[in-house]
Amino acid sequence: GVMNQKRDPEPELEKLGKFLATFNRESDRGAALVAASMLDERLQEILGAFFIESSAAKDLIAGFNAPLGTFSSRASAAAALGLIQENEFKEITLIRKIRNEFGHGWEPLTFESEKVSAHARKLPWLGPAEYEANSDNRARFNAAVAILLTDLMWRVRLVSSERRKAKVWPNKSRGA
C-alpha cells in the first residue's frame, strides 16, 4: 500500500531532490550522460535486490566483464524478470539512445539536434499537463528522468521483498 505520507520524506526523495536541482542546470550533454548513469545504477540496485545473495549474483551484475555490466543488458534483464514495466523499459531505451548520441559524436549536440530530438520526442510527457504545450525536448527529457528515477528508487525497496532464495532442488540422479 501507500506509505504513510505524514512521515519525514524518504531519504531517497531527499537525495533525489538534491540530484534534480543540479541535474536541471547541466548542459544537454551532461544531462544525458548523468541521467543514463543514475538510471543504470538504479537498475543495478534492482537486480541486486532481486537475485539471491551470492558472489555469483554480484559477479553477474558488477564483476569484471559482468554479463549484466552494461546499461543495456541491465535494462533487458530487469524487463525480462518483470522488475521494470514495458513502458519503463521503452523510456530507459530512449534515454540510453539519447546518451549514446551525445556520447559517441564529435559534433556539438543539443536536445534540438535532429538525432537526439528524434528519440526525445518519443518520450511520454511526464511533467504537469499544463506545461506540455510550451515544453521543449529537454523539458520532456528532464521530466521523464525525474519520474523514472523516483519510481526505480522506490522499486529497489519493492523488489527486495521478492528477493530470490537459494534452494535445494529435487534431483532423481542423486537419489534425492
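A residue here is called buried when its relative accessible area is under 20%, exposed when that area is over 50%, and partly exposed in between, using a 1.4 Å probe and protein chains only. By that yardstick aspartate 28 is buried, at 19%. Before going further, keep in mind that this is a predicted model, where local features need pLDDT of at least 70, side-chain atom pairs count only at pLDDT 80 or more, and totals for chains, interfaces and linings use all residues. Residues are numbered from 1 along each chain as its sequence is written, and side-chain values use heavy atoms, with hydrogens and water left out.

So what does aspartate 28 pair with? Its salt-bridge partner is arginine 138, with the closest N and O atoms 2.8 Å apart. A salt bridge, by the rule used here, is a side-chain nitrogen of Lys or Arg within 4 Å of a carboxyl oxygen of Asp or Glu. Aspartate 28 sits in helix 2 (residues 28–50) and arginine 138 in helix 7, so this pair ties together parts that are 110 residues apart in sequence. Helices are DSSP runs (H or I, at least four residues), numbered from the N terminus. Arginine 138 is buried too, because its relative accessibility is 11%.

Step back one residue and you land on asparagine 137, in helix 7, which covers residues 137–160. Asparagine 137 is buried as well, at 7% relative accessibility. A polar atom of its side chain lies 2.9 Å from the backbone oxygen of phenylalanine 111. Leaving aside residues up to four places away in sequence, asparagine 137 touches Phe111, Glu112, Ser117, Ala120 and Arg121, where contact means heavy atoms within 4.5 Å.

Now back to helix 2 for another salt bridge: aspartate 40 pairs with arginine 74, and their closest N and O atoms are 2.8 Å apart. This pair also links distant parts of the chain, with aspartate 40 in helix 2 and arginine 74 in helix 4 (residues 71–80), 34 residues apart. Aspartate 40 is buried at 16%, and arginine 74 is buried at 6%.

A bridge within helix 2 comes next. Glutamate 45 and arginine 42 form a salt bridge, with the closest N and O atoms 3.0 Å apart. They are three residues apart in helix 2, so about one helical turn separates them. Arginine 42 is buried, at 4%, whereas glutamate 45 is partly exposed, at 37%. Glu41 joins Arg42 and Glu45 in a network of salt bridges. Altogether, the count comes to eight salt bridges.

How values were computed. Helix = DSSP H or I, 4+ residues; strand = E, 2+ residues; numbered from the N terminus. Polar contact = N/O pair within 3.5 Å; in protein donor to acceptor, adjacent residues only side chain to side chain.
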